[in-house]
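Here's a quick walk through a protein model for anyone who'd like to get their bearings before heading back to the bench. Have the viewer open as you read.

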Amino acid sequence: MDEVEAPSFQRARRPEHRELRKQEILDAAEALLAEMPADEISLRELGRRLGVSKTHVVRYFESREGVFLGLLARLRLAWLDALADEWPAAPCEPGQVMRAWADSLAARPVLCQLWSLLPTVLERNVSAGTVRAYKFIDLEHRTRLAGLVRERVPALGAGDALTLTEYAVVALVGLWSFSNPTPTIVEATSDPRLAGSRVDFATMYGEILQTTLAGLLARA
């Protein structure tokens, strides 16, 4: 049986109220992701956290995946806003910039978890319009990230800087799962002979970014 909607969460009529409701749903999704994996979170669970029905949630987001796409965009924007302070100021050594990039993302596991699910989960069960809107936001964010990189690595061209952000996303998608294994994998690799099978996200991601940057600089 669906939950009864709380009086304080009545259907929004005005645009600013609708945006407020959407942000409250994203807040609930972020809180749940800090407690459990994304695949265990349903629209019903989101509604339960808010004290509303599942039907209420779909007034603002077409699906669970739509909620996650919205949250991914919000978390990534917050990360970009913080990078100026977290990254070393120019001029600096390129490898230092890439390591700081990796450390900054590693400190944001919810963002990394969502980003890693982009091609296999988040872009499924949503309309073409929703995906298209997300892709434009993604391009805007990656263009901004590329600009931040170029401020610290001016030898990198604008096109190559944007390419670096593309490769970085692909690397994150693959690496996050390997660095966050299931309990069975943890048990299996506890054998000292398999120590090389264990992956530290920040360390390996930093190495991947540095290697990719070096290749892009070498071909320039």
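What follows goes from the overall fold to the annotated spans, then to one helix pair and one ring pair.

**Overall picture**

Keep in mind that this is a predicted model. The mean pLDDT comes out at 89, with 94% of residues at 70 or more. The weak spot is residues 1-8, where pLDDT is below 50. That stretch still makes 18 contacts in the model beyond near neighbours in sequence. Where pLDDT is low, though, predicted coordinates shouldn't be read in detail.

As for the fold, the protein has 11 helices and 0 strands. Its C-alpha atoms fill a box of roughly 60 × 45 × 30 Å along the principal axes.

**Annotated spans**

Two spans carry labels from an unreviewed UniProt entry: "domain: HTH tetR-type" on residues 19-79, and "DNA-binding region" on residues 42-61. Here's how they look in the model:

| Span | Distance between end C-alpha atoms | Helix | Strand |
|---|---|---|---|
| Residues 19-79 | 21 Å | 70% | 0% |
| Residues 42-61 | 13 Å | 60% | 0% |

**How H1 meets H4**

At what angle do helix H1 and helix H4 cross? The axes of H1 (residues 15-33) and H4 (residues 64-86) come within 10 Å and cross at roughly 85 degrees. An angle of 65 to 115 degrees counts as roughly perpendicular, so that's the label for H1 against H4.

On the H1 side, the residues in contact are Gln-23, Ile-25, Leu-26, Asp-27, Ala-29, Glu-30 and Leu-33. H4 brings Val-67, Phe-68, Gly-70, Leu-71, Arg-74 and Leu-75. Sorted by type, the residues of this contact split into 8 nonpolar, 2 polar and 3 charged.

**A tryptophan pair**

The model has 4 aromatic pairs. One of them joins Trp-87 and Trp-101: the ring centres sit 5.9 Å apart and the planes are at 45 degrees, so the pair is tilted.

Where do these two rings sit? Trp-87 is in the loop between H4 and helix H5 (94-106), while Trp-101 belongs to H5 itself, so the pair ties together parts that are 14 residues apart in sequence.

Note on methods: Residues numbered from 1 in each chain as written. Predicted model: local features only at pLDDT ≥ 70, side-chain atom pairs only at ≥ 80, totals over all residues. Heavy atoms only, no water. Axes fitted to C-alpha atoms, helices over the stretch in contact; angles between N-to-C directions. Helix = DSSP H or I, 4+ residues; strand = E, 2+ residues; numbered from the N terminus. Parallel < 35°, antiparallel > 145°, perpendicular 65-115°, else oblique. Contact = heavy atoms within 4.5 Å. Nonpolar A, V, L, I, M, F, W, Y, C, P; charged D, E, K, R; others polar. pLDDT = per-residue confidence, 0-100. UniProt positions renumbered as here; feature names shortened; annotations may be inferred. Phe/Tyr/Trp six-rings, centres within 6.5 Å; stacked < 30°, edge-to-face > 60°.
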